[in-house]
Structures are given as structure tokens and as C-alpha cells.
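Subject: Handing over the structure

Hello,

Here is the structure I promised to pass on to you. My notes on what turned up in it follow below.

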Amino acid sequence: MSEYFRTQYEKCYEGDEYYWGTEPASFLDDLLSAVNRDPSEVSVLDIGCGEGKDAVYMAGKGCRVTAFDLTESGIRKTKKLAENVGVNVNAFVADINDFETDEKFDIVYSTGTIQYLFEENIAPFFEKISKITNIGGIVYFNVFVDKTFLELPPDWDKEEKMWKTGALFTYFGNWKIHMIKESIFEDNSGGVKHYHCMDSVMAERV
Ligand SMILES: C[S@@+](CC[C@H](N)C(=O)[O-])C[C@H]1O[C@@H](n2cnc3c(N)ncnc32)[C@H](O)[C@@H]1O
């Protein structure tokens, strides 16, 4: 009988190679600058951390980093990368749909993951984000957006849901917006060239 996983990434992350590489996302330095405090005083939550490249980068900058992902294999790789680099990341398996934390953070971010939220969990998720972000804290989220002229990416998971253009921005009415953007870009993940449309927001809790 074949094993069932809710996300294909459980398998993708199993090998020694880093599926997403180990180079951090380009927006992380903007996040750190926006918080405008010494990184040693900054707590970070990475939601859907994959194999940990971004979490490890933020820890390397001196931040106190908490990170979770649905995949055991991703969390194992995150811990391994942290160990190799010589930093500490509090990494664990959890589901974006029902994760719990008593902590508050100065930076909360999630890249390529919130499309795994079930419809009924989207509004409660952003309420939770508001509660767990310190005043003056910065959040960054991006989400894949449906465009009729783009094909569904070949590595699309069955539990992923494309969002509508602009839907992400509606959850930040009471936040100070630092950046809002929609872009279309080429991707070669899985070895097949394809295109994504993505909405992104960076906002400050005031
Ligand atoms: C496109 S990858 C992005 C990974 C990472 N943020 C990065 O940029 O390298 C999407 C991630 O969402 C994770 N994921 C899928 N469903 C999830 C869920 N229900 N809760 C938490 N993470 C989930 C996957 O395991 C995968 O690591």
C-alpha cells in the first residue's frame, strides 16, 4: 500500500539535497530593517518553513526563531541545516490550520504556504496573526493567485487553493502597509518550467 501524505513535500524533502536550496528569500532583510531593532531582540515565527533556509538565515542574523511545517522531513532538514550553520531554531511539526502558540513575535511570516489554509480557517488565522504579533511587529505573507491565463503549476498539491487577486490584502485594513504587490514569475521547481501569480503584503501592527 502506498503511503499517504497531505503534502507532496514530505517526499520532496526526504533526500539530502535541499529541494528549495539553502539561499534565503530576498525579502528577509527588508523585514529585519522594517522592525528596526537589534536582531538579538527580535523574535520570529516562520509558518510553513519547508527545509528551513529562511528560518536558519534569520537565526544566523541573531534573531530568536520559531518555525514549523507540516512535514517531518522538512523539520528534520531544518534542524540539520541549523546545526550545520551553528544556530538554534525552535523547529517543530504543526499544521497552519490549527497551530497554537502562547508567544508573541516581532516578525511573523509565511511564504508559499497560506494557500494550504482551509477556507473556514482563513479569517481565524489572520485574527490569530494579529494576536501573536507585537505592536510594531512586522508580518509578511504571500499567496498564489488564480489567473485564467496561467495553467495550474505541475507541482500543485491537492490541498492547495488558489486565492483571488487582492483577497490577501483585505485582512490588513487595520495594519500599516509597508508593501503590497502582485507579480507573475517563472519557476522551475520540480524540473518543469511554469508560471505563478503571487500577491504579497508586508505590514506593521499598530
Ligand atoms: C512552497 S513550500 C514553501 C516552503 C518554505 N516556506 C520556503 O519558502 O522554502 C510550501 C510549504 O508548506 C508546507 N505545508 C503544506 N501544508 C501545510 C500545512 N497544513 N501546515 C503547515 N505547513 C504546510 C509544505 O510542507 C511546504 O514546506
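Leu-45 stands opposite Thr-66 in E2, and that pair is a good way into this predicted model. Strand E1 covers residues 43–47 and runs parallel to E2, with five bridges joining the two. Another pair in this ladder is Ser-43, whose bridge partner in E2 is Arg-64.

How much of E1 is buried? Five of its five residues are, so the rest of the structure largely encloses the strand. You can see this on both faces: Ser-43, Leu-45 and Ile-47 are buried on one side, and Val-44 and Asp-46 are buried on the other. E2, which takes in residues 64–69, is also largely enclosed, because five of its six residues are buried.

Asp-46 may be worth a look on its own. This residue belongs to strand E1 and counts as buried because its relative accessibility is 2%, against a cut-off of under 20%. Its C-alpha atom is 6.4 Å from that of Thr-66, although 20 residues separate the two along the chain.

Asp-46 also takes you across to E4, where its bridge partner is Tyr-109. E1 and E4 pair in the parallel sense, over three bridges. Strand E4 spans residues 105–110, and six of its six residues are buried, so the rest of the structure largely encloses this strand too.

From E4 you can carry on to E5, the strand of residues 133–144, which runs parallel to E4 and is joined to it by five bridges. Here Tyr-109 turns up again, standing opposite Tyr-140 in E5.

Now to the ligand. Which residues are closest to it? They are Tyr-13, Gly-48, Asp-69, Asp-95 and Ile-96, out of 20 residues that surround the ligand. By type, this shell divides into eight nonpolar, eight polar and four charged residues.

Three polar contacts are easy to find on screen:

- Ile-96 places a backbone N or O atom 2.8 Å from a nitrogen atom of the ligand.
- Thr-111 likewise has a backbone N or O atom by a ligand nitrogen, at 3.0 Å.
- Thr-113 contributes a polar side-chain atom, which lies 3.3 Å from an oxygen atom of the ligand.

On its own the ligand has 590 Å² of accessible area, and the protein covers 95% of that.

Next, the cysteines. How many disulfides does the model hold? The count comes to zero. Take Cys-49: it is in no disulfide, and the nearest cysteine sulfur, belonging to Cys-12, is 15 Å away. Cys-49 counts as buried because its relative accessibility is 8%.

Cys-197 is another one to click on. Its place is in strand E7, which spans residues 194–205, and with a relative accessible area of 2% it is buried. If you would like a long distance to compare with the Asp-46 one, the C-alpha atoms of Cys-197 and Lys-61 are separated by 30 Å, with their positions 136 residues apart along the chain.

Two more residues are on my list. Asp-187 is in strand E6, residues 175–187. Is this residue buried or exposed? It counts as buried, because its relative accessibility is 18% and the cut-off is under 20%. The C-alpha atoms of Asp-187 and Lys-158 are 19 Å apart, and the two residues are 29 apart along the chain.

Asn-36 is the other. It is found in the loop between helix H2 (28–35) and E1, and its phi is near 60°, a positive value in a residue other than glycine. Most residues other than glycine have a negative phi, so I thought this one was worth passing on. Where Asp-46 is buried at 2% relative accessibility, Asn-36 is exposed, with a relative accessible area of 66%.

If you want a short route through the model, start with Leu-45 opposite Thr-66, step from Asp-46 to Tyr-109, go on from Tyr-109 to Tyr-140, and then turn to Ile-96 and the ligand.

Happy viewing, and best wishes

Definitions and conventions: Residues are numbered from 1 along each chain as its sequence is written. This is a predicted model: local features need pLDDT of at least 70, side-chain atom pairs count only at pLDDT 80 or more; totals for chains, interfaces and linings use all residues. Side-chain values use heavy atoms; hydrogens and water are left out. A residue is near a molecule or strand if one of its heavy atoms lies within 4 Å of it. A polar contact is a pair of N or O atoms within 3.5 Å; within protein, one must be able to donate a hydrogen and the other to accept it, and residues adjacent in sequence count only if both atoms are side-chain atoms. Accessible areas come from the Shrake-Rupley method with a 1.4 Å probe; for residues, only the protein chains shown count as cover. Ala, Val, Leu, Ile, Met, Phe, Trp, Tyr, Cys and Pro count as nonpolar, Asp, Glu, Lys and Arg as charged, and the others, Gly among them, as polar. A disulfide is a pair of cysteine sulfur atoms within 2.5 Å. Buried means under 20% relative accessible area, exposed over 50%, partly exposed in between (1.4 Å probe, protein chains only). Helices (H or I, at least four residues) and strands (E, at least two) are DSSP runs, numbered from the N terminus. Two strands pair if DSSP finds at least two bridges between them.
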